[in-house]
Amino acid sequence: MTYCVGIRTRHGLVALADGRVTSGSQMAAAQKMIMLGAGSARFFVMSSGLRSIRDKVVTRLRRSHALDTASTFRSLVDAATSFAEELRRVREEDEAMLSRSDLAFNLHAIIGGQLVDDPEPSMFLVYPEGNWIELEPRTPYLSIGATGYGKPILDRALSFDKPMRTALNIAYLSFDSTRVSASNVGFPVDISVYLRREKVWRTARYDYDEVREQRE
């Protein structure tokens, strides 16, 4: 299972993804949030579901749009649309074979950022079918994976006008609520913050002991 949450406020974006991967009785860590593009034209992708699907879609997107050195996308809606198109192609190729192994084609992705033609930061949720929705100020967050445990604090405490520091703390608390209740969600946690005024990304990875103060 996974827990990823993306928040948009008047002041920017917050993206948080847990790093735990479980398979039967085994546990490992894996990155569920990646940054694509270069320079100021960067955007994040967070995903839940089969990692092999995400990797295949992202690899094709990187190659076709030179995302390791630049970005051919002018707006985030272009990036979300291209991601969805690649996802549909992968579904056509792999869904039947996955079904034979009793695996669901279940990739959900949150994509967020601000590219050159975007007047403000934005965020999209892409479904396994390749359709998507855009985040709006009245509901300023998107979450995927084990969403039930972290939803109450997001609904009660978050609004579009909250300061970035408050939004970041709420994102962490929603993750921590999920971690406590879901054994397959846990540390390390990856966090990326986009500051609208400065137009810069800040990213960090935290383990259990590094956020003791916030947790307490």
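**A tour of the cores and a helix pair**

Start with the largest nonpolar core of this predicted model. This core has 25 residues, and Leu36, Phe43, Val45, Ile53, Phe83 and Ile111 are the ones that touch the most other members. To see where the core comes from, colour the elements that give two or more residues to it: strand E5 (33–38), strand E6 (41–48), H1, H2, strand E7 (108–113) and strand E8 (122–126). H2 contributes the most, 8 residues.

Next, select Val45. Leaving aside residues up to four places away in sequence, Val45 touches Lys32, Met33, Ile34, Leu36, Phe83, Ala109, Ile110 and Ile111. Apart from the largest core lies another, of 23 residues. Tyr3, Val5, Ala146 and Phe187 are among the residues to select there.

Now show helix H1 (residues 51–65) together with helix H2 (residues 76–100). At what angle do H1 and H2 pack? The angle is about 140°, and the axes are 9 Å apart. Because angles over 145 degrees count as roughly antiparallel and this one falls short of that, H1 is oblique to H2. The crossing of the two helices is right-handed.

Finish with the side of each helix that meets the other. On H1, select Ile53, Lys56, Val57, Val58, Arg60, Leu61, Ser64 and His65. On H2, the residues in the contact are Ser82, Phe83, Glu86, Leu87, Arg89, Val90, Glu93, Asp94 and Leu98. Coloured by class, the contact shows 8 nonpolar, 3 polar and 6 charged residues. Ile53 and Phe83 belong to this contact and were also on the list of core residues that touch the most other members.

Key: Residues are numbered from 1 along each chain as its sequence is written. This is a predicted model: local features need pLDDT of at least 70, side-chain atom pairs count only at pLDDT 80 or more; totals for chains, interfaces and linings use all residues. Side-chain values use heavy atoms; hydrogens and water are left out. Axes are lines fitted to C-alpha atoms, for helices over the stretch in contact, and angles run from 0 to 180 degrees between N-to-C directions. Helices (H or I, at least four residues) and strands (E, at least two) are DSSP runs, numbered from the N terminus. Angles under 35 degrees count as roughly parallel, over 145 as roughly antiparallel, 65 to 115 as roughly perpendicular and the rest as oblique. A crossing is left-handed if the near helix is turned anticlockwise from the far one by less than a right angle, and right-handed if clockwise. Contact means heavy atoms within 4.5 Å. Ala, Val, Leu, Ile, Met, Phe, Trp, Tyr, Cys and Pro count as nonpolar, Asp, Glu, Lys and Arg as charged, and the others, Gly among them, as polar. A nonpolar core is a set of buried Ala, Val, Leu, Ile, Met, Phe, Trp, Tyr and Cys residues joined through side-chain atoms within 4.5 Å. Buried means under 20% relative accessible area, exposed over 50%, partly exposed in between (1.4 Å probe, protein chains only).
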